[in-house]
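Trainee: Could we go through how the helices pack in this model and what its nonpolar cores contain?

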Amino acid sequence: MTHQKSFARRFFGSLVQWVDSDYSADSPESIWAQPDGVNLVRCIPFAILHLGCLGVIWTGGSWFAAAVAAALYFVRMFAVTGIYHRYFSHKSYSTSRFGQFLLALFGATCVQRGALWWAYRHRHHHQHSDEPEDAHSPHVHGFWWSHIGWITSRRNFPTDYSKIRDLAKYPELVFLNRFDILVPVVFAAGLFFMGHFLAEAAPTLHTSGAQMLIWGFFVSTTALFHGTSCINSLAHLMGGRRFDTEDDSRNSFILSLITLGEGWHNNHHRYMSATRQGFYWWEIDVTYYLLKALSWTGFIWELKGVPPSIYREAELRNHQDTVARFSMSSVQDEINTLKRVVPTAAAIAMATVNSPALATQMRKAEGPATHKNMSELMIDDQTGAARPGLKS
Ligand SMILES: [Zn+2]
Ligand SMILES: [Zn+2]
């Protein structure tokens, strides 16, 4: 009976959380202490977001609907990266209190919950990147959990306001975070009414209220979620590593295109306070260009740059990589040549590289150096005949 009561309490608690995300049937501390587990009831709105994409079967498509979905993807990707990430999570630039509220409103249209929850989870990621505590590390929890699973887990739903005191002191931000469904509902309704209006006012667009709702809200928002999630999953798996950070963050040009600059994730993990994540002109970072343009209007200011020490570290790493690649390729070329000449010579070369003591013994046993007449020993791979003229 007690078990049934507790189940009912949690079930209805999850329903209330659809509207009031700070409501909790249990204390947040006890929820954070629980092991990971999918909260099915709490996730129903998230599932509806995905299932809503199937609405295209009934509404059909139009070039206008597809263009609106794509435009809203990129405009709101800017909100995720430029606002939720680079402002609320890292405070990489400044704005006024009213400006901050407008940014939070704009960010809320992305349907990735409130700015405070997002910043809290993201700061936690930086503190524990690719460690067991990291809620979305593909190395700890696997690809699918890092991409989508973690967001469904009961313990990851509540916001720990004590970890984001610099943001939690603003009641207007806490309000938007607590009722994080409010802005998305208004946004979805706005799209529906816009489509409804356009169906009458501009019939050549061949759109409707339902079509705008499905394409502009469901399709675009689902794509936006997965585009953003690629940074949690793929940006710790795919691409190169300029900086030797303690996590496994990577730089990826492709991810930077679909996330407007967030793909330079290894740069970002090395120096997270900078407004820009593409550290060089060739590292395309559209979010940074837009923020820079916004700073010229006076709406935001004090964009933080990348310190010279970080550039020096990058140059040093680049130099070390070049030297390593160069020496690896010359060693490899030499070993390949030796393999063609005398198979055992390659083994001797490897032993020489790997064991200085063994090499000393071998040199003693061999007597004086014997490499000077190597060209005489070169054997053709095909014929077995001696091949003069090859360089050793
Ligand atoms: Zn990361
Ligand atoms: Zn970050």
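Mentor: Happily! This is a predicted model, where local features need pLDDT of at least 70, side-chain atom pairs count only at pLDDT 80 or more, and totals for chains, interfaces and linings use all residues. Residues are numbered from 1 along each chain as its sequence is written, and chains are lettered from A and ligands numbered from 1 in the order in which they are written.

Trainee: How are helix α7 and helix α11 oriented to each other?

Mentor: Helices here are DSSP runs (H or I, at least four residues), numbered from the N terminus. The axes of α7 (residues 115-127) and α11 (residues 171-178) are 7 Å apart, at an angle of about 90°; axes are lines fitted to C-alpha atoms over the stretch in contact, and angles run from 0 to 180 degrees between N-to-C directions. Since 65 to 115 degrees counts as roughly perpendicular, α7 and α11 are therefore roughly perpendicular.

Trainee: Which residues of α7 make the contact with α11?

Mentor: Contact means C-beta atoms, placed from the backbone, within 7 Å. On the α11 side are L173, V174, L176 and N177. Facing them from α7 are A115, L116 and W117.

Trainee: Which helix gives the most to the largest nonpolar core?

Mentor: Such a core is a set of buried Ala, Val, Leu, Ile, Met, Phe, Trp, Tyr and Cys residues joined through C-beta atoms within 7 Å, buried meaning 20 or more other C-beta atoms within 10 Å of a residue's own. The largest has 25 residues, and α5, α6, α7 and α11 each supply at least two. With eight residues, the top contributor is α5.

How values were computed. Parallel < 35°, antiparallel > 145°, perpendicular 65-115°, else oblique. Contact = placed C-beta atoms within 7 Å. Buried ≥ 20, exposed ≤ 12 C-beta atoms within 10 Å, placed from the backbone.
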